Amino acid sequence: AWGKVRETLAKRIGKNNFTSWIEPLRWAGLRDGVARFEVPTTFFGDWVSRNYSDHILGLLNAEGHAAGRTEFFVPLNTPAAAPTPEKPARPATAKATRARSDEDLPGATLDARFTFDSFVVGKPNELAHAAARRVAEGGPVTFNPLFLYGGVGLGKTHLMHAIAHELQSRQPQLRVLYLSAEQFMYRFVQALRDKQIMDFKELFRSVDVLMVDDVQFIAGKDSTQEEFFHTFNALIDQNKQIVISADRAPGEIKDLEDRIKSRLQSGLVVDLHPTDYELRLGILQQKAEFYRQQYKGLAISTGVLEFLAHRITTNVRVLEGALTRLFAFASLVGREITLELAQDCLADILRASDRKLTIEEIQRKVAEHYNIRLSDMIGPKRLRNIARPRQVAMYFAKQLTSRSLPEIGRRFGGRDHTTIMHGVRKIEELMTTDSQLSDDLQLLRRQLQS
Ligand code: ADP
Ligand code: MG
């Protein structure tokens, strides 16, 4: 993926820029819609993020990769004085978004785009947003810790970065440390290995605000949990603000010590609900406005945005990825963004976010229709008035889901795949002659696909 994008970039941004900024990037892969790169220094990462992120994302998406965000990080074992490629004068536009004592805080870079301004508020996230705002005002510590949770791509990281940006701009002297739980663990392990655990402790206890993203990552990692717990307590005791995110509520994180769970619950716990249609449309409109400027007037109609908001309901990152790809693609091929173009260019995303029908749902609906028990679907009875509906359910399981015959067999009480195949064939055969059955199938299909 990166190889191609790199080539295109080389052609587009000029040799000097390419050599200074793109060549030093080490591709670290694409995960959960996040394109990750190793960079020599955090300053370097900030600069590339601000100036080339959209370019890179646009091209990745045009290549068919769903990338919604970039992340630049300094790998472990890079000596502090890693050579920076001929560093041009710090550009005037690059405003410092990180803590004053940048160099000694082992945090992650903040995405310059993740601000409160760019966060669209709707019913599903209004509480989380309000709580984040309050913490970002930096007044007397009220909610401590603030615990944000919710599914993938619902805006947890965005809100955390927004808090950090806001605190930093209101109080530049504040030592704000944002990092993922994964990074926390790596730093910790590194400190253990280098016998610098005292430095590690001191450092983490000296910050004013600690923000740990995706804390579920430390579940099951005992010594990291232990260290996290002590850091946490030390900061709370000093009345320092802590903000935590996770993909689920504290009580639901498995393999997390009870004392940590209860600590995490001791402040304010708020969740980000799955998006609704209005929120998705709002986010799309905002993004589209941004792209209209970026792509010099390339327009997208409300109809297309509505279509996307309806059809892509999984997570915001996928939604944004779709829009990014659409703009990049339209500008590459020099066409207008129409509904047709959207359907073409986003076929894979649209397919993947189609509602997934489960075999269980099929069994329930069919059982209901024929007025038999759900348990008879998987049970052994061979009576015609039970065996036939069961075969109908097998038929739909094969036709409307992507499950294999053995998988379907397992869900029908451990039947053999040949039994399933036989059932499916039987129905296919009968439907041509049995008009009652054919009517039943039509009705059921409509219900199942609605
Ligand atoms: P999470 O950390 O919950 O998995 P992110 O914060 O990374 O999700 O959000 C995924 C993407 O969706 C980001 O690009 C983010 O900017 C965007 N996003 C999510 N919610 C909103 C929102 N309410 N307004 C604007 N953008 C949003
Ligand atoms: Mg996140």
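Is G155 buried or exposed? To find out, select G155 in this predicted model and display its surroundings. G155 has 27 C-beta neighbours inside 10 Å and therefore counts as buried, the cut-off for that class being 20 or more.

**The loop between β4 and α5**

G155 is found in the loop that links β4 to α5. Apart from neighbours within four places in sequence, its contacts are F119, N125, L272 and V316. Next, select G153, which is placed in this loop between β4 (146–150) and α5 (156–170). G153 is buried, because 23 other C-beta atoms lie within 10 Å. When neighbours within four places in sequence are set aside, G153 is in contact with N315, V316, R317 and V318. V316 thus deserves a label in the viewer, as it appears among the contacts of G153 and among those of G155.

The UniProt record, an unreviewed entry, places the feature "binding site" at G153, G155, K156 and T157. Colour these four positions before moving on.

**Ligand 1 and its shell**

Now select ligand 1 together with the 19 residues around it. Those that come nearest are G155, K156, T157, H158 and V316. Of these names, G155, K156 and T157 also carry the UniProt annotation. By residue class, the shell contains seven nonpolar, eight polar and four charged residues.

Colouring by domain is instructive at this point. Domain 2 (100–274) and domain 3 (277–352) each contribute at least three residues to the shell around ligand 1. Colouring by helix shows that α5 and α12 each supply at least two residues of the shell.

**Helix α5**

Select α5, residues 156–170. At 1.5 Å a residue, its 15 residues should span 21 Å, and the end C-alpha atoms are 21 Å apart, so expectation and model agree. Of those 15 residues, 13 are buried, which means that α5 is largely enclosed by the rest of the structure.

In examining the helix, it is useful to recall that an α-helix has 3.6 residues a turn, so residues three or four places apart point the same way.

**Helix α12 and its end**

Finally, select α12, residues 316–333. Its 18 residues should span 26 Å at 1.5 Å a residue, and the distance between the end C-alpha atoms is 26 Å, which agrees. This helix is mostly covered, with 14 of its 18 residues buried.

What phi does G334 take just after α12? Select G334 to conclude the tour: its phi is positive, at about 65°.

Definitions and conventions
Residues numbered from 1 in each chain as written. Chains lettered and ligands numbered in written order. Predicted model: local features only at pLDDT ≥ 70, side-chain atom pairs only at ≥ 80, totals over all residues. Helix = DSSP H or I, 4+ residues; strand = E, 2+ residues; numbered from the N terminus. Expected span 1.5 Å × (residues − 1). Buried ≥ 20, exposed ≤ 12 C-beta atoms within 10 Å, placed from the backbone. UniProt positions renumbered as here; feature names shortened; annotations may be inferred. Contact = placed C-beta atoms within 7 Å. Near = placed C-beta within 6 Å. Nonpolar A, V, L, I, M, F, W, Y, C, P; charged D, E, K, R; others polar. Domains from an automatic or database assignment.
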